[in-house]
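Trainee: I'd like a close look at a single part of this model. Could you walk me through it slowly?

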Amino acid sequence: MADEPLVLGIETSCDETGVGIVRGTTLLADAVASSVNDHARFGGVVPEIASRAHLEAMVPTIQRALDTAGISARDLDGIAVTAGPGLAGALLVGVSAAKAYAWALDKPLYGVNHLASHICVDQLEHGRLPEPTMALLVSGGHSSLLLTTDITTDVRPLGATIDDAAGEAFDKVARVLGLGFPGGPIVDRTAREGDRKAIRFPRGLSGPKDPEFDFSFSGLKTSVARWVEAKRRAGEEVPVADVAASFQEAVTDVLTRKAIKACQQHGVDHLMIGGGVAANSRLRAMAEQRCERAGIRLRVPRPGLCTDNGAMVAALGAEMVWRDRAPSALDLSADSSLPVTEVSVPGHQHGDVHGEAYRALES
């Protein structure tokens with residue numbers, strides 16, 4: 001077990017080709033190649049375009065990360081990669097690259113969970129996670145409340161979105177308002193000029209009989225669309241900033257209220273917020289206010305570490321090495337619906353050529 005393991009992480013679950021290099025809990029390099037501009041004209045991520053972009057960006061991005069860290073690939077103690085969840089084709093590019101580098105360099109391979117990586121990245125900024133920690137992950141594909149007692153083996157889902165994730169709702173509302181893509185940063189900027197109390201949009205799954213830790217933003221999205229449509233049909237000007245601010249307030253109100261309640265019910269005094277939507281300024285401010293009132297310590301990585309990146313994968317890989325967790329086999333597969341309870345993926349332990357070859361590397 002290395003005291004300060006040096007690990008390279010590869011992230012390709014969606015449209016960001018991320019490569020990070022971490023030594024222990026210290027970030028040495030965080031290289032990202034984004035294909036977001038290729039998807040903008042479609043108003044969302046096109047899986048085939050994302051996969052092709054990963055193929056083109058992979059080797060240059062890895063080399064850029066190695067150069068930034070000032071190391072050789074042979075100095076690494078391991079290679080980590082997002083094995084799921086995510087877009088199947090995009091994941092396959094990253095997993096294939098990681099397996100190739102692990103094979104060529106004779107290094108252990110760690111296939112890890114995308115959501116667990118979003119939690120672990122906070123260690124690069126605030127030190128090792130307290131155990132237990134409550135994690136609120138909010139992104140374009142996920143809105144989840146997770147209880148973490150061991151980031152390498154025990155992540156327990158308490159609640160998740162039942163329809164649109166928070167980030168997806170931001171994208172759709174931005175489209176309704178004609179603000180462009182991706183919606184999260186644009187809505188956040190626009191909302192700063194608006195009145196968040198101007199319109200009382202609904203708070204999904206907030207009734208006494210609703211699942212207390214699940215999320216729903218589809219109804220909110222529809223409510224915003226109908227409100228805007230009614231204004232336009234009446235020939236009235238749509239107060240875009242007020243709509244953005246009021247919508248954002250509804251989302252952040254539900255997210256933070258449920259997260260605080262989960263902490264209180266489970267006796268957890270640390271809340272970590274991660275995922276792309278964690279970069280939202282109103283979510284950060286509201287979480288800070290409510291955590292302070294509830295006596296809960298809040299941990300939120302800087303915005304650049306909240307979006308998809310290779311640093312988060314490297315952070316979890318380094319933790320795997322540090323805790324002496326078993327690596328994955330070289331027949332590791334991508335799993336687009338990998339559950340968060342599977343923090344790492346061991347790969348198949350059968351007697352094919354890849355399994356035999358991997359065992360030979362370890363011996």
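In what sense do strand β2 and β3 pair, and over how many bridges?

Mentor: Some ground rules before we dig in. This is a predicted model, where local features need pLDDT of at least 70, side-chain atom pairs count only at pLDDT 80 or more, and totals for chains, interfaces and linings use all residues. Residues are numbered from 1 along each chain as its sequence is written, and side-chain values use heavy atoms, with hydrogens and water left out.

Now your strands. β2 (residues 16-23) and β3 pair in the antiparallel sense, over eight bridges. Pairing here requires that DSSP finds at least two bridges between two strands. Strands of a sheet pair through backbone hydrogen bonds, either parallel or antiparallel. To put your finger on one bridge, take G18: its partner in β3 is V32.

Helix α2 (residues 47-69) packs on the sheet and touches β1 (6-11), β2 and β3; contact means heavy atoms within 4.5 Å. The direction of α2 makes about 155° with that of β3. Such axes are lines fitted to C-alpha atoms, for helices over the stretch in contact, and the angles run from 0 to 180 degrees between N-to-C directions. Helices (H or I, at least four residues) and strands (E, at least two) are DSSP runs, numbered from the N terminus.

Helix α12 (residues 310-322) packs on the sheet as well, touching β1, β2, β3, β4 (78-84), β5 (109-113) and β11. Its direction makes about 135° with that of β1.

Zoom out a notch and you get the whole sheet: six strands, open, in the order β3-β2-β1-β4-β5-β11, with mixed pairing. The edge strands are β3 (26-34) and β11 (344-345), each pairing on one side only.

What about nonpolar cores? A core is a set of buried Ala, Val, Leu, Ile, Met, Phe, Trp, Tyr and Cys residues joined through side-chain atoms within 4.5 Å, where buried means under 20% relative accessible area (1.4 Å probe, protein chains only). The largest one has 45 residues, and L136, F247, L255, L271 and I273 have the most contacts inside it. The elements giving two or more residues to this core include β6 (133-138), β9 (270-274) and α10 (281-294). Helix α9 gives the most, with twelve residues. Apart from that core lies another, of 30 residues, with V112, M312, A314 and L316 among them.

How values were computed. Buried < 20%, exposed > 50% of the residue type's maximum accessible area, 1.4 Å probe, protein only.
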